[in-house]
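Thanks, everyone. I'll keep this short. Please have a look at the chain on the screen.

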Amino acid sequence: FKWTVVNTPPVLQPVSNLSLRNRAAASFQLSSSDPEGHPVTYKVTGLPPGLRVNAATGLVSGTPAANVGAYRCTTYARDAYGLNSETLTFTINITN
């Protein structure tokens, strides 16, 4: 007999572009699903200074302390076996 093991990457839900006020507390949730039900971790690059992602929960939070402008962010989800979702990009606009 032959074993076939299937592991598909997680699916990350799109993130809409956001407008956040500089020096005002903010948070938003990343969301994904893994077809096999494996635990998922998150990574985001390009976040404005003062924001961070909780890799285990996908909650992005903090108080932006950044220059006013647009920050292009890239995110992905990874399952427990190292498969990555597609990367998705979104923009965070920091305003006064």
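How many helices and how many strands does the protein have? Zero helices and nine strands. Before we go on, please keep in mind that this is a predicted model. Read along the sequence, the pattern is β-β-β-β-β-β-β-β-β. The radius of gyration is 16 Å, and the globule rule gives 12 Å for 96 residues, so the protein is more spread out than a compact globule. Look at the box as well. Along the principal axes, the C-alpha atoms fill roughly 65 × 20 × 15 Å.

Some totals next. Of the 96 residues, 32% count as buried. The accessible surface comes to about 5900 Å². Carbon and sulfur atoms hold 52% of that surface. Now the contacts. Take those between residues at least 6 apart in sequence: 60% of them join residues at least 24 apart.

On to the strand pairing. Let me start with S5, residues 40-45. Which way does S5 run against S8? The two pair in the antiparallel sense, over six bridges. As one example, Thr-41 has Arg-78 in S8 as its bridge partner.

Now move from S8 to S9. S8 covers residues 69-79, and it pairs with S9 in the antiparallel sense too, over seven bridges. Two positions to click on here. Arg-72 has Thr-91 in S9 as its bridge partner. Thr-75 stands opposite Leu-88, also in S9.

S9 has a further pairing to show. S9 spans residues 88-95, and four bridges join it to S2, residues 18-21. Do S2 and S9 run parallel or antiparallel? They run parallel. Leu-20 has Ile-94 in S9 as its bridge partner. A general reminder while we are on strands: in a regular strand, side chains alternate between the two faces of the sheet.

Let's stay with Leu-20. Leu-20 sits in strand S2. Is Leu-20 buried or exposed? Its relative accessible area is 13%, under the 20% cut-off, so Leu-20 is buried. What does Leu-20 touch, once residues up to four places away in sequence are set aside? The list is Ala-26, Leu-51, Pro-64, Ile-92, Asn-93, Ile-94 and Thr-95. So the bridge partner, Ile-94, is also among the residues that Leu-20 touches. Val-68 gives another distance to check. Leu-20 and Val-68 are 48 residues apart in sequence, and their C-alpha atoms are 9.7 Å apart.

Next, the loop between S2 and S3. S3 is residues 26-29, and Asn-22 lies in that loop. Arg-23 lies in the loop too. Which of these is buried and which is exposed? Asn-22 has 18% relative accessibility, so Asn-22 counts as buried. Arg-23 is at 61%, so Arg-23 counts as exposed. Arg-23 has a backbone point worth raising. Its phi is near 65°, a positive value in a residue other than glycine.

What is Asn-22 in contact with, leaving aside neighbours within four places in sequence? Pro-64, Ala-65, Ala-66, Ile-94, Thr-95 and Asn-96. Compare that with Leu-20. Pro-64, Ile-94 and Thr-95 are among the contacts of Asn-22, and they are among those of Leu-20 as well.

Now please turn to S7, residues 59-62, where we find Leu-59. Leu-59 is at 32% relative accessibility; it counts as partly exposed because that value falls between the 20% and 50% cut-offs. Leaving out residues up to four places away in sequence, Leu-59 touches Ser-27, Phe-28, Gln-29, Arg-52, Val-53 and Asn-54. How far is the C-alpha atom of Leu-59 from that of Leu-30? They are separated by 6.1 Å, with those positions 29 residues apart along the chain.

Last stop, the surface. Which residues form a nonpolar patch there? Phe-1, Trp-3 and Val-5. Together they have about 540 Å² of accessible area. Val-5 is found in the segment before S1, and S1 is 11-12. With a relative accessible area of 74%, Val-5 is exposed.

To recap the pairing: S5 with S8, antiparallel; S8 with S9, antiparallel; S2 with S9, parallel. That's it from me.

Terms used: Residues are numbered from 1 along each chain as its sequence is written. This is a predicted model: local features need pLDDT of at least 70, side-chain atom pairs count only at pLDDT 80 or more; totals for chains, interfaces and linings use all residues. Side-chain values use heavy atoms; hydrogens and water are left out. Two strands pair if DSSP finds at least two bridges between them. Buried means under 20% relative accessible area, exposed over 50%, partly exposed in between (1.4 Å probe, protein chains only). Contact means heavy atoms within 4.5 Å. Patches are made of residues with over 30% relative accessible area and no salt bridge: like charges are joined within 9 Å, nonpolar side chains (Val, Leu, Ile, Met, Phe, Trp, Tyr) within 5 Å. Accessible areas come from the Shrake-Rupley method with a 1.4 Å probe; for residues, only the protein chains shown count as cover. A salt bridge is a side-chain nitrogen of Lys or Arg within 4 Å of a carboxyl oxygen of Asp or Glu. The radius of gyration is taken over C-alpha atoms; the globule rule is 2.2 Å times the number of residues to the power 0.38.
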